[in-house]
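Visitor: Before we begin, could you take me through how the descriptions of this model are justified, setting each value against its criterion?

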Amino acid sequence: MPHASLADRIGRIAPLSNAERAALTEIEQRERHLRTGATLIAEGERVTELAIVARGALAGRMAATEGWRRLTRLYLPGDLVSTGMLAMRESSETVVALTDAVIHRVDRATLGDALTRHPRLALLLLADEQVERMALTDRLIAIETQPPHARLAALLIELRDRLRAVDPAISHSFVTPLTTEEMGEAIALRPAEAIRAMGKLGDLGLAVREAARITLVDERGLERLAARRDPRRGLDMTWLPKRA
């Protein structure tokens, strides 16, 4: 998976000035390597700093009832882990490495100083968080209204779009950092249900999985089944102050 920075991610919402890009680069100073399965922070643990994913993939999980875990966030290169922790004393999720990963540790006060000096960045981070919130809201609604294979279809489209943002070379076939069971965690399916849902997408000629590779055989058909809106297509940043 390619390397990406927070500036790369935020810059997809609106172009950054050289000073803004430099300010974001400055906060990415302390590098840490994580092995697959390593825990970055545990749910309920005191938050002392944030992190920016430089390479690899991480997942945010929350405990649910009867021993269930719920995968709430997927963190890819360029993602900030997590703006949801910025104002909190304790972490609301356990963040684990899905693959070998490289992160940059970010002191909250340092980030606050950068946003004070460049308030336009704070607005862009807010807009980026709203995109993520809309995607999560749509996923929650789908859990209540869509059958398992349609929920999985929507998740596969979301994965394709997010991975493509990091690596534009990705087409209809890509390697996913999520197992089928972990995909199920994200859309409230037990492992056996998630496996059956993946099998049904294959039977319908829409998508197949071979090891870690997902192939979207019929992308348009999958998109029709998913009925998923792309929150980034609805972005309107015309109100944003111009670059200094």
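Guide: In this predicted model, β10 and β11 form a hairpin with two residues between them, and A211 in the turn has a positive phi of about 55°.

Visitor: What makes β10 and β11 count as paired strands?

Guide: Pairing requires at least two bridges between the strands; β10 (residues 207-210) and β11 are joined antiparallel over four bridges, so the criterion is met. One of the bridge partners in β11 is L216, which belongs to A207. Strand β9 (residues 173-175) also runs antiparallel to β11, with three bridges, and V175 stands opposite R213 there.

Visitor: Which residues of β11 lie on its covered face, and which on its uncovered one?

Guide: I214 and L216 make up the covered face, whereas R213 and T215 make up the uncovered one. In a regular strand, side chains alternate between the two faces of the sheet.

Visitor: Why is E93 said to have no salt bridge?

Guide: A salt bridge needs the nitrogen and the carboxyl oxygen within 4 Å; the nearest side chain of opposite charge, R73, is 6.1 Å away from the buried E93, so the criterion is not met.

Visitor: What makes the approach of E93 to T72 a polar contact?

Guide: Their side chains are joined at 3.3 Å, and the cut-off is 3.5 Å, so the pair qualifies by distance.

Visitor: How do you know that the buried residues of α3 line one face of the helix?

Guide: L111, A114 and L115 are buried in α3; seen down the helix axis, the buried residues fall within an arc of 95°, so they line one face. The face turned away from the buried side carries the exposed residues A109 and T116.

Conventions. Residues numbered from 1 in each chain as written. Predicted model: local features only at pLDDT ≥ 70, side-chain atom pairs only at ≥ 80, totals over all residues. Heavy atoms only, no water. Buried < 20%, exposed > 50% of the residue type's maximum accessible area, 1.4 Å probe, protein only. Lys, Arg positive; Asp, Glu negative; His and termini not counted. Polar contact = N/O pair within 3.5 Å; in protein donor to acceptor, adjacent residues only side chain to side chain. Arc of directions from axis to C-beta.
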